[in-house]
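User: I am a first-year student and should like a close look at a single part of this structure. Please take one part and explain it together with what surrounds it.

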Amino acid sequence: MRNQTDEIHPSAEDNYNKKVAALLGVIAKMQQDDNGHARFQSDVHVALSIMENDIIGEIQEGLVDYKGTTVGRYFFHHGDRYGVINEGYEQLSRIAETIQKLNAFSEKVSQKYIEEKIFTWLKNEFICPTKIGDFIPYLLNEVSQAVENTTILVPIANTIVEASFEFCGVTIRSFSKAMVDEMATMFTSMADEISRLNAERFISDFRKKYQGYAVAEIKLVCEPDFASDLAINITARATDLLGIYSGAILMPNVKCTSRIRGCENIATYFTIIKRAGGGLISKNGILDNATAHSWCISQTELTEMKKYGLDIISQITTKKKISDFESTVLNMAFLYSKAAFTSDPMEKLVHMLSALESTLLRNENEPIQQNLAERVAFFITQELIERKEIIKNIKHVYGLRSRYLHHGHSSTDLNEISKFFLRVWMFYVNLVQNSGRFSSKGAFLDAIDDRKLS
């Protein structure tokens with residue numbers, strides 16, 4: 001039984017059924033690959049070997065490009081290998097992409113899932129025609145069995161929170177001892193006597209890595225593999241915007257590492273020293289100690305962050321439909337957030353100027369420096385002397401950026417850079433707090449220009 005959200009217009013359903021059926025014509029019998037090149041043997045340690053009797057079910061073969069993207073799939077029939085590859089698979093992938101965008105599937109399964117179902121349908125139809133019927137009814141049935149209520153936890157590196165809070169579609173909370181204890185109970189109850197010791201070791205290591213640190217919790221109703229991918233994307237957007245409030249956005253040579261665990265990019269080193277007397281010494285550590293500290297978000301700090309637009313930017317990201325100006329604000333926020341995740345002052349400068357240009361210029365034909373500098377100044381302050389200082393400062397950092405981009409020159413002028421960072425922060429906060437005031441970017445710029453002429 002289909003529910004209302006699964007309904008697809010009959011003409012669209014018929015169209016996709018025909019498009020998928022037409023792919024039967026691109027299935028081709030494949031020759032066995034043998035390029036004559038033997039792989040050289042390396043000394044890389046083999047951690048695990050999978051034997052033939054370890055394999056359960058049918059082996060699925062595929063072809064990938066240099067990026068790891070699937071560009072072909074194969075199946076066997078009567079001892080011969082058949083496949084959909086290259087242009088044929090590109091066609092299959094495009095059909096899967098458009099089907100995934102339909103309301104019946106967009107929030108439930110991934111494009112990859114639909115690609116796999118199209119290929120499975122083609123294989124079955126090739127081997128035994130008309131056995132499973134048209135593709136869309138088959139897909140709807142498969143999706144209905146795959147979708148389930150799922151809670152995804154995505155650990156966030158180097159972040160500790162005193163209290164849970166909602167942000168950009170996720171709940172950011174502490175991975176508490178009670179939560180890990182519950183996991184430990186589930187693991188040990190599922191394990192037999194032989195594997196129980198391994199389970200206990202796993203939980204012990206898990207506690208050291210995750211217990212007490214922040215985690216993004218997301219509840220989804222979709223296919224489990226898609227839930228994981230979707231949760232990672234949602235969490236990445238949330239941590240990007242949260243980084244704006246970390247304080248690193250204002251410090252020229254410090255970066256925020258509060259990202260999805262594994263993506264924090266803290267530079268480390270490991271060396272092996274061979275002593276003259278024959279001994280060995282190993283040494284490891286962190287190259288950038290300034291970025292290695294955890295960000296502890298207390299209830300007091302959270303309240304302060306909300307004063308500077310934390311809740312507003314969160315609400316914009318979770319709206320089903322946003323205004324033209326809210327889209328401008330969100331675009332500025334994501335460009336601006338990139339500056340929080342680098343400790344190179346000049347990289348921060350480049351990201352911030354890019355964020356300002358995307359927000360404050362009407363088109364590419366406008367004079368950049370003068371218009372941008374004046375609009376920042378008139379938007380964030382009413383004081384004449386301060387406006388003059390802001391304009392002078394922005395023109396100065398544009399010179400620093402030009403020397404950096406065109407000649408590779410870095411800068412030690414951290415005083416002027418720090419002043420600029422503070423003014424961009426003031427601009428961002430004012431922009432977010434005024435996100436509901438204007439209908440469009442044009443109306444926003446008109447208001448600033450009118451203030452200049454008043």
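Is C168 buried or exposed, and what is its relative accessible area?

Analyst: The model discussed here is a predicted one. In this model C168 is buried, with a relative accessible area of 7%, a value under the 20% that marks a buried residue. The residue belongs to the loop that connects β7 and β8. Its backbone deserves attention as well: C168 has a positive phi of about 55°, although it is not a glycine.

A useful comparison is N265, another residue other than glycine with a positive phi, in this case near 55°. N265 is located in the loop between α7 and β10, the latter spanning residues 268-274. Its surroundings are described by the opposite word: N265 is exposed, with a relative accessible area of 53%, whereas C168 is buried.

To place C168 in its setting, one may turn to the sheet that contains the two strands beside its loop. Strands of a sheet pair through backbone hydrogen bonds, and the pairing may be parallel or antiparallel. Here the sheet is open and consists of four strands in the order β5-β9-β8-β7, with antiparallel pairing. The edges are formed by β5 (148-155) and β7 (165-167); each has a single partner strand, so one side of each is left without a neighbour in the sheet. On average, neighbouring strands of this sheet are turned by 30° against each other, direction ignored.

Within the sheet, β5 runs antiparallel to β9 (residues 214-222), and eight bridges join the two. One position illustrates this pairing: E148 stands opposite C222 in β9. The sheet is also covered by a helix. Helix α7, residues 224-243, lies across β5, β7, β8 (170-174) and β9, and its direction makes about 140° with that of β9.

A second sheet offers a parallel case for study. It too is described as open, with four strands in the order β1-β4-β3-β2 and antiparallel pairing. At its edges stand β1 (28-29) and β2 (61-64), each with a single partner strand, so one side of each is left without a neighbour in the sheet. Strand β3 (residues 70-77) and strand β4 (residues 80-85) run antiparallel and are joined by six bridges. In this pair, Y74 has G83 of β4 as its bridge partner. Helix α2 lies across β3 and β4, running at about 60° to β4. Helix α3 (residues 111-127) packs on the sheet as well, touching β3 and β4, and its direction makes about 30° with that of β3.

Helix α2 (residues 87-100) also packs with helix α1 (residues 10-22), at an angle of about 160° and with the axes 10 Å apart. That angle makes α1 roughly antiparallel to α2. The crossing of the two helices is left-handed. The contact is made by Y16, K19 and V20 of α1 together with I95, T98 and I99 of α2. These contact residues divide into four nonpolar, one polar and one charged.

Finally, C168 may be set beside another buried residue, L349, whose relative accessible area is 0%. L349 is part of helix α11, residues 345-360. Apart from its neighbours within four places in sequence, L349 is in contact with V397, L400, R401, F420 and F421.

Note on methods. Residues are numbered from 1 along each chain as its sequence is written. This is a predicted model: local features need pLDDT of at least 70, side-chain atom pairs count only at pLDDT 80 or more; totals for chains, interfaces and linings use all residues. Side-chain values use heavy atoms; hydrogens and water are left out. Two strands pair if DSSP finds at least two bridges between them. Axes are lines fitted to C-alpha atoms, for helices over the stretch in contact, and angles run from 0 to 180 degrees between N-to-C directions. Contact means heavy atoms within 4.5 Å. Angles under 35 degrees count as roughly parallel, over 145 as roughly antiparallel, 65 to 115 as roughly perpendicular and the rest as oblique. A crossing is left-handed if the near helix is turned anticlockwise from the far one by less than a right angle, and right-handed if clockwise. Ala, Val, Leu, Ile, Met, Phe, Trp, Tyr, Cys and Pro count as nonpolar, Asp, Glu, Lys and Arg as charged, and the others, Gly among them, as polar. Buried means under 20% relative accessible area, exposed over 50%, partly exposed in between (1.4 Å probe, protein chains only).
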